[in-house]
Every structure is written in C-alpha cells, then in structure tokens.
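Biologist: I'd like to learn how to read the way the parts of a protein meet, and what sits around its ligand. Could you walk me through it?

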Amino acid sequence: MDDNFDVVIVGAGTAGLMLARELGNLKRKTLLLDRKGNLLEFSFNTLGSFINLKDFDLTENVVAQEINTITFHSKNVKRKVSCNTDAYVLDKKKLHEEILNTINLDFVTIKTNVSIKKINTDSNQIFKSVTDKNKNEYFGKIFIDASGTNGVISKTIGLRDKKVSLATGVEYNVKYFGNADEAHFFVGKVYKGGYGWIFPLKNNRAIIGFGTFDNKLTKELKKRLNEIIELPKIKKLVEKDNELVEGGSIPLTPVLEKFILNNLVCVGDSVSQVNPIAGEGYKFIFEASIMASRAIHDYLKSNNLEDLKAYESEWKKRFLENYKKSKNSQQKLFKYSKYNFLMDFALLMARFKADEKVIRSLSGEHGFDKL
Ligand SMILES: Cc1cc2nc3c(=O)[nH]c(=O)nc-3n(C[C@H](O)[C@H](O)[C@H](O)COP(=O)(O)OP(=O)(O)OC[C@H]3O[C@@H](n4cnc5c(N)ncnc54)[C@H](O)[C@@H]3O)c2cc1C
C-alpha cells in the first residue's frame, strides 16, 4: 500500500510526463508510474512536429533540426511546400529529459519499474486503486491512463476497443545529401504499399522511415525500407551505413471522443490522440494533457465530476472537426497509396493549393475554430 495521492498516472511517456509537470505546477500530489526502468530509453529517437515550443515551455535545446520546406514525392510528381509555420525535427530524448527536469518533485513522485496490471473500483464504480504485477496497490482520487498503445486501463474499461489496428513504422539513421532544412514524404504504390519519410538531422545525417496502414505488411517493413533505400530517387538523398532499426506503432482507430469514465481520465495513445494524417502525436497530446490537468485541478477543488468532463468538451471543441477531416484524408491516402496514378494525380492537384493550406492539412489544423 502507498500514500494517498490526488492523481495516479499510469505511464510516463509523452502524455504522462506533460500531465505530471502541469499537475506539479498546480501543486497537486501526483504519483507517476512507469513499467520502464529508464524513462529516457525509446524504440525511436526523432520526431517530426508542428509544435510551438513556447506554448509548452520548451527550449530550442530539444530541436534536432528546423524545417523550412517539405517535399512530397509520388512516382512521377514532386510538390515542394514552404513552411511558414513552426516545423521541427525534435530530439525525443532531449525533449523528455527537459520535461522531466522541470517537474516539481515537491508534489510529483516518480516510480519506475512499476507495471500496472489492474484497476480496482468500489461498489459505486468509483476507481480506488491500481495494482502492479507484484500486487502492490496505489491509491488516489483520480486515475490517468497514459500507457500509450498498451491502453492498460482504457481497454479494460471499454473506452477503447481491446483489439486496435496499429500503423507501424521502421527507421534508420543514415547519411544525408539533401538540404538540411528540407523534410520529404514519399507516397504511392512505388513506395511498396506504404509511405516513407526523411527527417534531416544536423551533420549531414537524416532519419529515413517507412510505415504502413496495412497490418499484413508489418512483418516486411524492414525489407521494404531496404528496398526503398535502393530506389534511384532515394539513393540521391540518403545512404545507409548501419543496421540499427528503430520504430514502433501508432493506434489506427476511429476518431474517439470519450476519454473519461467517472474518476478515470485517459490521455494520449491510450485513446488515440494522434493526428491520423501525419502520425504526429506530440502537439495533440501536450495540448490534451494541459486541458486534462486544468479539469482535474477544478474537480479536486469542487469534487464535482462535471468539472472533470470539461476536458472532454474542451478537446472536442479544439480538435473534433480537425480530427474527422484528417481521418478522411488518412483513408484517402490509404486508398491512393495502392496506385501510382492516383497519388500522382493527387500531388498534381495539390499544386493548385496554397502552401499554407497543404501544411495545415498535414499538421491536422484544417482551420476550424481554435479556442
Ligand atoms: C515509429 C513512430 C514514429 C512516430 N513519429 C512521430 C512524429 O514524428 N511526431 C509525433 O509527434 N509523434 C510521432 N509518433 C507518435 C508519438 O510517438 C505518440 O503518439 C506518443 O509518444 C504517444 O504518447 P503516450 O504518452 O500516449 O504514449 P507513450 O509515449 O508510448 O508512453 C506510454 C508509457 O506508458 C508506459 N506503460 C505502458 N504500459 C504500462 C503499464 N502497464 N504500467 C506502467 N507503465 C506502462 C510505457 O512504458 C511508456 O513509457 C510516432 C510513433 C511511432 C511509433
């Protein structure tokens, strides 16, 4: 048995860390649990992001490379787009480290090597505690599922389907001959049933990745990425000089709108808060964590569950229409990527769209009301 906390967070990844930082700032007694031993060890290390660093009190130190141009390639068409907005390749380790270092440890307790297996309720269906694999129990007034695609609580209590399709990606860190501030996306059948990306880093290096929405291809991703690297167009941009593969999966669910059940709140991949079109999770998850922290703070003052629900309504207002539109684009991309001519045609049509509009679509900000 452990101390009684205001908030118990399961998972200290993107969502858990940001939420813990915000709750610590609000002086809420918070317990942050993760099954990992080292919170700065990841299966991949770089992120493309349209984040505004200042919005989240982050410094330039987390930037691996600033992006000013994004080029989309299909089999026969190329569309170069200038970014007049914040666009970065971020260093995941430095980013998580920076958040960890700014967490107020007077209020937040962090425990690693704690793998949560179960959530427990009382007779009124109010959540009372979580239990780890060693049968230790952790008590709190509010519980957060921030366990990522694992969704250890969101799946058990039915906020998310138990069986979730995942879009999986693999990456290599390679030599890079292109422009240092230019990122690339590759789409269409020529890219082997998926889509590819190159994120430049400093010192003439880049990350090249390949992902697919098609679960049948997951086992072949590495093989296909190796094939893509040999395509003449890609060979002009990168050269592979090591075998270290990074990667992971993002959830591919319908757009979810329900993140709360009584005193249980879900944030991040546990409820699929990832931009469906570009796979960008950070910006959306950071914003969701900040919304959730405010609602939790209000609930702890009032003890009124309606205050907690403000998180869901704020999220809907900010994101729902954008998400639905991105989901439609994702489905189109999935369909078009099976045919070179459709992808060529889509990129040709994109030439008539203003750069700003293309970037807005990619970043999942289709222009619906911001709060
Ligand atoms: C290959 C790949 C590339 C990506 N590229 C980008 C990108 O370029 N830009 C971008 O913005 N996003 C990207 N994403 C998406 C982004 O990484 C995720 O959306 C985001 O990390 C999800 O954050 P989270 O906090 O929900 O989950 P995570 O960051 O996965 O954190 C979940 C945490 O919960 C812990 N945990 C799980 N189960 C338990 C348990 N039972 N008990 C205790 N702890 C538990 C895990 O150890 C982990 O630390 C990418 C994802 C992948 C896989």
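Modeller: Gladly! Start with contacts between domains: in this predicted model, 20 residues of domain 1 are in contact with 24 residues of domain 2.

Biologist: Which elements supply the side of domain 1 that touches domain 2?

Modeller: Helix H2 (92-101) and helix H5 each supply at least two residues there. H2 gives the most to that side, with 5 residues.

Biologist: And what is that side of domain 1 made of, by class?

Modeller: It is a mix: 7 nonpolar, 7 polar and 6 charged residues.

Biologist: How is the protein divided into domains?

Modeller: Follow the segments along the chain. Domain 1 is made of 4-44, 93-164 and 253-328, while domain 2 is made of 46-92 and 165-251. Their C-alpha centres lie 28 Å apart.

Biologist: Now to the ligand. Which residues come nearest to it?

Modeller: There are 37 residues around the ligand, and Gly11, Gly13, Gly148, Gly268 and Gly281 come nearest. Helix H1 (14-25), strand S3 (46-49), strand S17 (246-251) and helix H5 (282-302) each give two or more residues to the shell. The largest share, 4 residues, comes from S17.

Biologist: How many residues of each class does the shell have?

Modeller: The shell around the ligand has 18 polar, 14 nonpolar and 5 charged residues.

Biologist: Where does the ligand lie with respect to the domains?

Modeller: Check which domains give residues to the shell. Here domain 1 and domain 2 both do, so the ligand lies between them.

Technical notes. Residues numbered from 1 in each chain as written. Predicted model: local features only at pLDDT ≥ 70, side-chain atom pairs only at ≥ 80, totals over all residues. Near = placed C-beta within 6 Å. Nonpolar A, V, L, I, M, F, W, Y, C, P; charged D, E, K, R; others polar. Domains from an automatic or database assignment. Contact = placed C-beta atoms within 7 Å.
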